[in-house]
Amino acid sequence: MYILKPLTHLVNSSLITGIFPNKLKISKVIPIFKKGNLKDVSCYRPISLLPAFSKIFEKVVYNQLFKYLETNNLLDKEQHGFRQKKSTITAGVSFINNIIDAIDQKEKVVGIFLDLSRAFDSVCHPTLIEKLKLLGVQGKESA
């Protein structure tokens, strides 16, 4: 518990100023195999092993952002990932129920399935920051 006060001060100071300590940005990057040919570099995903304190910062920011999104009803009700009481199971059940309802109402049903396994790697960070601003998420986002 001796570290709680200084750590709280460090995290709060970082959030207020928008400055993240450089020492906490240093990570060890290791390749993690996803699937496919073991000799194909594109079949690996880089994972950054960050200092434990960085993970604390990440959790604080995640909790604040998620609470803001939930409180302001900014997440679609169909969003199942990363939400309490929702999962791939609830997403699957919802999907199947929608199909059954459509068939019962004599509607045509079409499914489009996408492989988003590498979607995170293609996120455009400036666009993400702009979209967050449109949702009212503002503050210090760089440094």
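Which residues does Arg 83 touch, not counting residues up to four places away in sequence? The answer is Phe 66, Glu 70, Leu 75, Asp 76 and Lys 77, where contact means heavy atoms within 4.5 Å. The points below set that residue in its surroundings.

1. Basis. This is a predicted model, in which local features need pLDDT of at least 70 and side-chain atom pairs count only at pLDDT 80 or more, while totals for chains, interfaces and linings use all residues. Residues are numbered from 1 along each chain as its sequence is written, and side-chain values use heavy atoms, with hydrogens and water left out.

2. Fold. The protein has 4 helices and 2 strands. Their order from the N terminus is α-β-β-α-α-α. The radius of gyration is 20 Å, well over the 15 Å that the globule rule gives for 143 residues, so the protein is more spread out than a compact globule. Helices (H or I, at least four residues) and strands (E, at least two) are DSSP runs, numbered from the N terminus. The radius is taken over C-alpha atoms, and the globule rule is 2.2 Å times the number of residues to the power 0.38.

3. Extent and burial. Along the principal axes, the C-alpha atoms fill a box of roughly 65 × 45 × 35 Å. Of the 143 residues, 10% count as buried. Buried means under 20% relative accessible area, exposed over 50%, and partly exposed in between (1.4 Å probe, protein chains only). Of the contacts between residues at least 6 apart in sequence, 43% join residues at least 24 apart.

4. Surface and charge. About 12200 Å² is exposed, and carbon and sulfur atoms supply 64% of it. The areas come from the Shrake-Rupley method with a 1.4 Å probe; for residues, only the protein chains shown count as cover. There are 21 positive and 12 negative charges, with mean positions 10 Å apart. Lys and Arg count as positive, Asp and Glu as negative; His and the chain ends are not counted. Each charge is placed at NZ of Lys, CZ of Arg, CG of Asp or CD of Glu.

5. Arg 83. This residue is in the loop between H2 and H3. Arg 83 counts as buried, at 17% relative accessibility. A polar atom of its side chain lies 2.8 Å from the backbone oxygen of Asp 76. Asp 76 is also among the residues that Arg 83 touches. A polar contact is a pair of N or O atoms within 3.5 Å; within protein, one must be able to donate a hydrogen and the other to accept it, and residues adjacent in sequence count only if both atoms are side-chain atoms.

6. His 80. The loop between H2 and H3 also holds His 80. Its relative accessibility is 12%, so His 80 counts as buried. The side chains of His 80 and Thr 90 share a polar contact of 2.7 Å. The His 80 side chain also reaches the backbone nitrogen of Ala 91 at 3.3 Å. Not counting residues up to four places away in sequence, His 80 touches Lys 86, Ser 87, Thr 90, Ala 91 and Ser 94.

7. Ser 87. This residue lies in the loop between helix H2 (52–71) and helix H3 (88–104). Ser 87 is partly exposed, with a relative accessible area of 30%. Its side chain reaches the backbone nitrogen of Ile 89 at 3.1 Å. Cys 124 is 37 residues from Ser 87 in sequence and 26 Å away, C-alpha to C-alpha.

8. Backbone points to check. Most residues other than glycine have a negative phi. Phe 82 is not a glycine, yet has a positive phi of about 65°. Lys 85, also not a glycine, has a positive phi of about 65°. Phe 82 is in the loop between H2 and H3, as is Lys 85. Phe 82 is exposed at 73% relative accessible area, and Lys 85 is exposed at 83% relative accessibility.

9. Val 60. Helix H2 contains Val 60. Val 60 is partly exposed, at 27% relative accessibility. Val 60 touches Val 11 and Leu 15, not counting residues up to four places away in sequence.

10. Asp 40. The loop between strand S1 (28–33) and strand S2 (44–49) contains Asp 40. Asp 40 is partly exposed, at 32% relative accessibility. Its side chain makes a polar contact of 2.9 Å with the side chain of Ser 42. The C-alpha atoms of Asp 40 and Val 61 are separated by 35 Å, at 21 residues apart along the chain.
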